Structure formats: C-alpha cells, structure tokens
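Please open the model in your viewer, with a cartoon representation and a selection panel to hand. The stops below say what to select next and what is to be found there.

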Protein chains: 2
Amino acid sequence: MSVRNLLLLSNSTIHGSGYLEWAAQHIQDFLKSKEVKKVLFVPYALRTMDNYTETARKKFTSWGFELDGIHTSVDPVAAVNNAEAIFIGGGNTFQLLKGLYDNKLIEPIRKRVLQDGVPYIGSSAGTNVSTVSINTTNDMPIVFPPSFDALALVPFNINPHYIDANPGSTHMGETREERINQYHEIPGTPPVLGLREGALLKVTGDLALLMGLHPARLFRPGKQPEEFPVATDFSFLLK
Amino acid sequence: MSVRNLLLLSNSTIHGSGYLEWAAQHIQDFLKSKEVKKVLFVPYALRTMDNYTETARKKFTSWGFELDGIHTSVDPVAAVNNAEAIFIGGGNTFQLLKGLYDNKLIEPIRKRVLQDGVPYIGSSAGTNVSTVSINTTNDMPIVFPPSFDALALVPFNINPHYIDANPGSTHMGETREERINQYHEIPGTPPVLGLREGALLKVTGDLALLMGLHPARLFRPGKQPEEFPVATDFSFLLK
C-alpha cells in the first residue's frame, strides 16, 4: 500500500488562459485536503529561477498558500526533508533533471514522496521527472544530465503536451506517436501515457485517475495505442 | 586549410517526393566529383538496419554507386578506415550517437573526414552528429548516449527540419526558435544554423555554401536570429 499523493499536470498554461489557471481548482483541492500551508517550489527547469519563483509565488499566494524557491536554500536536501509539499515546474526537462542530480535530490524527493506521503505536484517537465525516465520528454537536450533515470514515483512514463498528428501538415519530422513507437521498439521500456494539454493524472496511493479536459492516449509495447476518456481509472498502470 | 568535404542535408525526404529525391543531383555531383565508387552507410539511427540499408542501397545503386551497411562489418573501425565515402542516415539522433560511441567510431570518422578528406554525407540525425553536439536535435531521447558531444566536423551546431512557428497554433509547447534560444542561454554554446526541410549545407575545406530549396535561419547567442537566402556563403561559421 503506497502513501504517495501526486498531481501530474500535462502543462502549466493552456491557450487563452493564465499560468496554472486551468488546473487551479485541482491544485487547491489537492493541497487543502492535505492541510498544506507552504509549498517548496523547484524552478530548475528554467534558468531565470528568481523570476520563475515569483510567478509561481504570486499564483499560489492568491490561492492562500506560501511558496519558497528551493534555489535560494543553502541546503536543498534539508529543504526537501522539511517540505510540506513539493511543486516541480515546467521548462527544459534535461536542465531540470540535471539540477536534481547536481543537488543530490533524487533520493531525498523519492523518500519524502513514496515513504512520507508528501504531496507532489508536477507540471510538464516536472511531470516528466516524476516518472521512470525522461526518455519521452519533448524537450531539446540543451544540457547533459548524468542519466535519463528520473524519480520513478510511478512505474511508467508520461508524454506531456501530447499532440495528435496534424493531417494537413507537410512537415516530415516524426509525429509524436511515431516517436513514442520508436521508444517502444527498445526492449524493456515501460508504458507511456500521452497527456494532452489540459489533462492531469491524480495518484492517491495505488489509485490513478485521469482528470482535466481531455482524453489520454496510452502506448504499450507491442500493442495498438488506446484512447481513454476523462475519469478513467488508470490504477492498472501502477501495478 | 581543411580538407573536409561535407554534404549536410536537413532531411532525407520532402513532402510529396521519394527518399533523397530532392537532393539527388547534389549527392551525385558530390560523390562523382571525388570519383567515389562505393559508399559506407551508417544506419545506426534506426533499429531496422537491414531494411534501412536496403532502402539506401536501392537509391545509391540507381545512381551508379555501390553501398555497404557498416552494421554487417565484423570490424566497423576498419570499415571506416577503408571507406571511400561515408553516409550517415537519419532516424533517432540519440540512438545514432550511442551507436557511434558503442562502436568506437567517433575518432576514426573524425580522422578520415578531417585529415584524409573522405567525403561525408549526413542527413537529419546524420547532420546532427556531424556538428559540435546533438544538443539541438529535435528527437526524443529514447536511449542514453555516453555524451552529447558529436563528431565536430564543423565548429557550430545545426538544427535540421527547422520549422517556423505556426501563428494559428493553440499548442503551448515551445516553438523551435524558443528551444534554440533556451540553448543559447547557456554560456559558451556555439551558433545554431536552422536548416529547413529541403535545404543543405555544402562544406568544402573552409568554404560553406547554403544550397537547396529554402533560406536558412541563423541563431547566435546574444543576437537576433537572421535569415539567409540560398547560395549564402556561410564560411564565417567555420572560423
């Protein structure tokens, strides 16, 4: 029986709406149900960490929560060990994962979330790093992390910002589906859940629920991809 | 005075045309001017290497050249050392670069191309690995190579399949330009030449010429991106 509490967002901002607005109610309910007062924010995915933290702080303050940026802490491991809740924001997944390794935070975050039940919110890159690996990120590999292995808070991968092929496009780069299929040609790779912008997965212990605005697309090695509607119980992916 | 001879294609296939057809004349002229009879093909970017080599062989044979797949060689380093010309095809850039490292081919190819003047053709991922690093690939990181450092046959990076932002899109993932700009926020990064599908760069010693069907977009740290028309002399990037 796992004690994890995860809110894994495909993305932070949907078209025509403000930062995190589409997920505002989900985030507030998630944190209030755990009586969280203060959130530890991990801004490593962007290089402008002060500005990024201000953006996040403004939003979380408007909802009644305090927020600290981990990058201003002299001891990031201690900050994780004392955190009431952790929010890892989007940006570049490679930069983010390298930041987690450089600051020796992989094991401390794993322990806090999987053993102590500390609530974890991830968005975009912050969702990528919550999974088995960053092998299915969409980002450009602008820095070299020591590994693609990530926090493994769940035993599968997520492709955030999942997007369907545009049948009118003349561009010959691989579609998202083709890229994920190429990943699954490699033996031993885990399932990949494609979360469209405006979708999120809420994981409570051994229960995983699709929430938000759009169906999700599930890719499994050797199988045809499948569509699942909002409110699907994805707990079978946690086994 | 460099002896290198490179033909760096953005991509293999443009919309509505067959494999390598758009570049057929460029490739034939390039190889015939060097009196090449046989090409060594590197198919590491795809996992179906036999099929991939057959596709390439069919095309090159129709042009009057022989073609061998390096993956069938018992000694790939010897194959490189004996090659008259090298063609590295597209697919997944991470898989390709890992294949070059696993087979200990980075230094042998560098030496053959930069010291012996062996003609090198790259397409898509094969163009990515010819540059300083694969930091500006578009591909999904489906495998973990030991480094992102590549062959460095030129002292800059290329973004193949370069694509302009679609002003009508509601998708919130970063545009290509935003991704390259994020790369350039990192100190010490080289220029990035965005080659649209159907564009190629021909490098002869210290001369670099843009050829093909489309203008290229050049990104340099701290500068506004610039457009350059077909036939631009990009030799300044080689200094």
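Begin by selecting residues 176-184 of chain A, which form helix α7 of this predicted model; the helix lies across β6, β7 and β10 of chain A, and its direction makes an angle of about 165° with that of β6(A). Keep helix α7 of chain A displayed, since the pocket visited later in the tour returns to it.

Next, add the strands beneath your selection, taking 157-162 for β6(A), 192-196 for β7(A), 216-219 for β10(A) and 226-228 for β11(A). These 4 strands form an open sheet of mixed pairing, in the order β6-β7-β10-β11, and its edges are β6 and β11 of chain A, each of which pairs on one side only. If direction is ignored, neighbouring strands of this sheet are turned by 25° against each other on average.

Within that sheet, zoom in on β6(A) and β7(A), which pair in the parallel sense over 4 bridges. To find your place along the strands, label A:Asn159 and, opposite to it in β7(A), A:Gly194.

Now show both chains and turn to the largest pocket, which holds about 1600 Å³ of space. Which residues of its lining are the closest to its centre? Select A:Ile163 and A:Arg176 together with B:Ile163, B:Ser169 and B:His171, which are the closest of the 44 residues that line the pocket. The lining draws at least two residues from each of β6 and α7 of chain A and α7 (176-184) of chain B. Colouring the lining by residue class should give 12 nonpolar, 18 polar and 14 charged residues.

For the next stop, hide chain B and select the other sheet described here, in which 7 strands of chain A follow the order β3-β2-β4-β5-β1-β8-β9, again open and with mixed pairing. Its edge strands, β3 (66-69) and β9 (207-212) of chain A, each pair on one side only, while the twist from one strand to the next averages 20°.

Inside this sheet, select residues 5-9 for β1(A) and 199-204 for β8(A), which run antiparallel and are joined by 5 bridges. A:Leu9 is a convenient residue to label, with A:Leu200 standing opposite in β8(A).

Finally, colour chain A by pLDDT: the average is 97, and 100% of the residues score at least 70. For the model, the scores are ipTM 0.94 and pTM 0.96.

Terms used. Residues numbered from 1 in each chain as written. Chains lettered and ligands numbered in written order. Predicted model: local features only at pLDDT ≥ 70, side-chain atom pairs only at ≥ 80, totals over all residues. Heavy atoms only, no water. Pairing = 2+ DSSP bridges. Axes fitted to C-alpha atoms, helices over the stretch in contact; angles between N-to-C directions. Contact = heavy atoms within 4.5 Å. 1 Å grid on protein atoms, 1.4 Å probe; cavity = no way out; pocket = protein on both sides within 12 Å on 5 of 7 lines; lining within 4 Å. Points joined across faces, edges and corners; volume = space filled by probe spheres on them. Nonpolar A, V, L, I, M, F, W, Y, C, P; charged D, E, K, R; others polar. pLDDT = per-residue confidence, 0-100.
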